[in-house]
Structure formats: C-alpha cells, structure tokens
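Q: Hey, could you walk me through this one before I set anything up? I'd like the overall picture, then some details.

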Amino acid sequence: MEINIAAETGGQLMKKQFINLKLLSVPLAFVLAYDVSHAMPGMHGSGSGAATEHPRVSNSIGGKINTSGSEMEITYSADGKTAIFVSTREGSVQSPGGHYSFDIWMSHRVDGEWQEPVHLGPGIDPKVGPNINTSAWELEPSFSDDGNVIYFTRYEAGNMLSGDLYVVQKVDGVWQSARNWNDVPELPSLNTSTGEEHCPIIASDSLIYFSYHQPGVTQDSDIWKVEKKDGVWQKPESLGPKINSPQRDHMHWTGLSKDGKSLIITSMRTDLDSRGGHDEWIARQNANGEWQEPVNLGDAINTGGEDMCWTFTPDGKQFTGSWGPHGTYDMDLRSINKSDVPLLKDFEPIGPPPNLLKSGATKAN
C-alpha cells in the first residue's frame, strides 16, 4: 500500500509556517488564522501580546524536564518509571542551515523525581538507549508496552510536511538501528515522499489510526484508520467529516479509550467552543459505531494558547502534555489530574502501544 500526496497547498503552508522559525519571512496571509507572536518558538520570555496563561489547574512536570528551550510530546514506559519526550535543550544535534533542532530525550524516575535526561543520539551506550537523533528533526516518540520498541517520527529540518514514521527495536538488551515503517514487514506502508505522517494511535495489532494529508482527498491534516484483515493491511479510510474539520486534526499516542469508543483529538478547528490555537477535544462513537462531533475538553485543559499532544500516564490518572503561548512553539510540559477534567473522569486510556514487530504479519502491497 502506498499513499500518494500531491504538491503543497495553502493548508500545508499554514502548518509548516506554524512550526518554521522563520515566521516573519512568510506572507502574513499564510502565517496563521489568528494573530501570531513574533517570538521565535522555543525561546522563553520572548513573546508579547500572544502570551496566555497556562491551563489553570495544571502543574509543570519539573525543572529537570522543562528548560528554557522547548519541551513537548512526552510519553511513558508501561511501569511509568521512564519517560521519552522532545526537547531543544542544550546537547541536541544542530540542524543544518540554522534550523531549530528537535531531538528525543529520555529520563528515569527515581524516588518520585525525574532525573537528568539522556540524549538519544551519537555516543549513547546501545544498552542504555537507541541512537536515533540526527541533524533532522525527531519527534513524537512512544515506547511499546513491552519496552522493546520505540516508535517516532522523523522530519527534514524545517519541513513539517516531510514526516516519516520510524521504529527502533531492542534485541537481547541492545538497541538496534532505526528503520522506516515502510521497510518493516509487520507494519503498514504509511510513509510517502511528501506526506505528513504524524504519530499514530496503535489501537491493536490490526487497527491503527493515523494523520494524513492529500490535496483533493483530505482537508488539512485529517485522521484516518488502517485495518488488517486476514493478515493483510487494507486500504486506509477517513474517520469522516464529523471527526475531521477544515483545519488541522491529529492525535497523540494514548488518546483512545480501552473500549475503542472514545478518541481524544488535538485540533485547530474553529468551532464556537474553540479556545484558540490548538485545543484538546474528545469524540465518541454512537450505538452504531459511528464517530460523532468532537467536544472541547474545556477550560481546565484548553487555553487561548497552544494545547497540544496530551497523553496519559500508564496508571491513567494524570493527563500530561504540551502548552505554549498563542501562535508559538514555545512549549513546556505540564500535568493535570484526569479527575479535574470533567469529560475525562470516566475515560480509561489504552496505555502504551503494542509491539507490532512481534506479530510476524504480512505487509500489504
């Protein structure tokens, strides 16, 4: 299976310019649908009128995790003792051409405290972690439930339309080289030459939700699914117009309920309930298994800033994710009690994704 994506559209430009450091060099009409800060993403204290308050009942994850750079997209091992996340902190691999650098870092929790993070890059002991960071951008990591696989996305530096899904495996206690999803027989071939393959939600070894963009087929970034039947991955299908808005819609790793009937979405949709920028929303299936219109998770989690890529701790009690001022990528990682978000009180997340490299499944053509 291959998905062909055509040339860049205005919607794609808007996404790339949200990420791109050179916000001031692009025409204003394409920057954002709202006022954008002139601050460089990832530089704390440089914002002006675009700054907003962080989610009102949330707490910072902590000083050893958060720095003066940008931290986002945290996920956890199944026992909750190890976290991997994205950071631009000192020690990240410099991207070419002066581009902003995104790398994946790992921290261990000892006596209730997160320890100094380890860079998953050149020089790391392969028994400690994988060497996956390059001068490209590495984002959106997640451990498999058994801890023997890390899924992540790699982008050309400065181009968030170039994402490919990657996987790296630990064999006999030693981390191997990272591989493109399309080169792994057990995984569906979702990567394209021009595509936007944001991190998927692996619901099971036969169902994956993922973000997809194709002019004439999708609106901006839409949410699709791919299923495996009789050992073969089938043609992907859109989740439909109720889930997918004209704006950017995507997901993050643990945003599916255990029963598969509720889905948490990060969206830039401009519904009346939007707080501005990216918000967190929840969609549910009806009795016929049809996805319904997403509902905003409310003021406990969403602000007028950028509230993105929130995930659950393995015990399902904490909701953790990225927050930054409106129109910037100046992110910090924060945490909130699930019980403090009314629409999440009964939400039971699926937890870390399964290790699909154990299945021995057959790749679709």
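A: Happy to; below we go from the whole chain to a few residues and one sheet.

A: One thing up front: this is a predicted model.

Q: Thanks! How many helices and strands does the protein chain have?
A: The protein chain has 1 helix and 23 strands.

Q: And what percentage of the 365 residues count as buried?
A: That would be 58% of the 365 residues in the protein chain.

Q: What about the accessible surface of the protein chain?
A: The accessible surface is about 14,600 Å², and carbon and sulfur atoms make up 48% of that.

Q: What share of the contacts with a separation of 6 or more comes from residues 24 or more positions apart?
A: Those pairs account for 55% of such contacts in the protein chain.

Q: Switching to cysteines: how many disulfides does the structure hold?
A: The count is 0 disulfides.
A: Take C309, which is in no disulfide: its nearest cysteine sulfur belongs to C199 and is 6.1 Å away.

Q: Why is there no bond from C199 to C309, then?
A: The closest cysteine sulfur to that of C199 is the one in C309, and because the two are 6.1 Å apart, they are too far for a bond. The cut-off for a disulfide is sulfur atoms within 2.5 Å.

Q: Got it. Is C199 buried or exposed?
A: C199 is buried, at 0% relative accessibility. C309 counts as buried too, with 1% relative accessibility.

Q: New topic: where is S245 found?
A: S245 is in the loop that runs between β16 (237-238) and β17 (249-250).

Q: A loop residue, okay. Is S245 buried or exposed?
A: S245 is buried: its relative accessible area is 5%, and the threshold for buried is under 20%.

Q: How far is the C-alpha atom of S245 from that of E293?
A: Those C-alpha atoms are separated by 9.7 Å, while S245 and E293 are 48 residues apart along the chain.

Q: You mentioned β17. Which strands form the open sheet with β17?
A: The sheet has 4 strands in the order β17-β18-β19-β20, and the pairing is antiparallel. At the edges are β17 and β20 (295-296), each of which pairs on one side only.

Q: What holds strands together in a sheet, generally?
A: Backbone hydrogen bonds do the pairing, in either a parallel or an antiparallel arrangement.

Q: And over how many bridges do β17 and β18 pair?
A: They pair over 2 bridges in the antiparallel sense, with β18 covering residues 262-267.

Q: Last one: which residue in β18 stands opposite H250?
A: T266 in β18 is the residue opposite H250.

Key: Residues are numbered from 1 along each chain as its sequence is written. This is a predicted model: local features need pLDDT of at least 70, side-chain atom pairs count only at pLDDT 80 or more; totals for chains, interfaces and linings use all residues. Side-chain values use heavy atoms; hydrogens and water are left out. Buried means under 20% relative accessible area, exposed over 50%, partly exposed in between (1.4 Å probe, protein chains only). Contact means heavy atoms within 4.5 Å. Accessible areas come from the Shrake-Rupley method with a 1.4 Å probe; for residues, only the protein chains shown count as cover. Two strands pair if DSSP finds at least two bridges between them.
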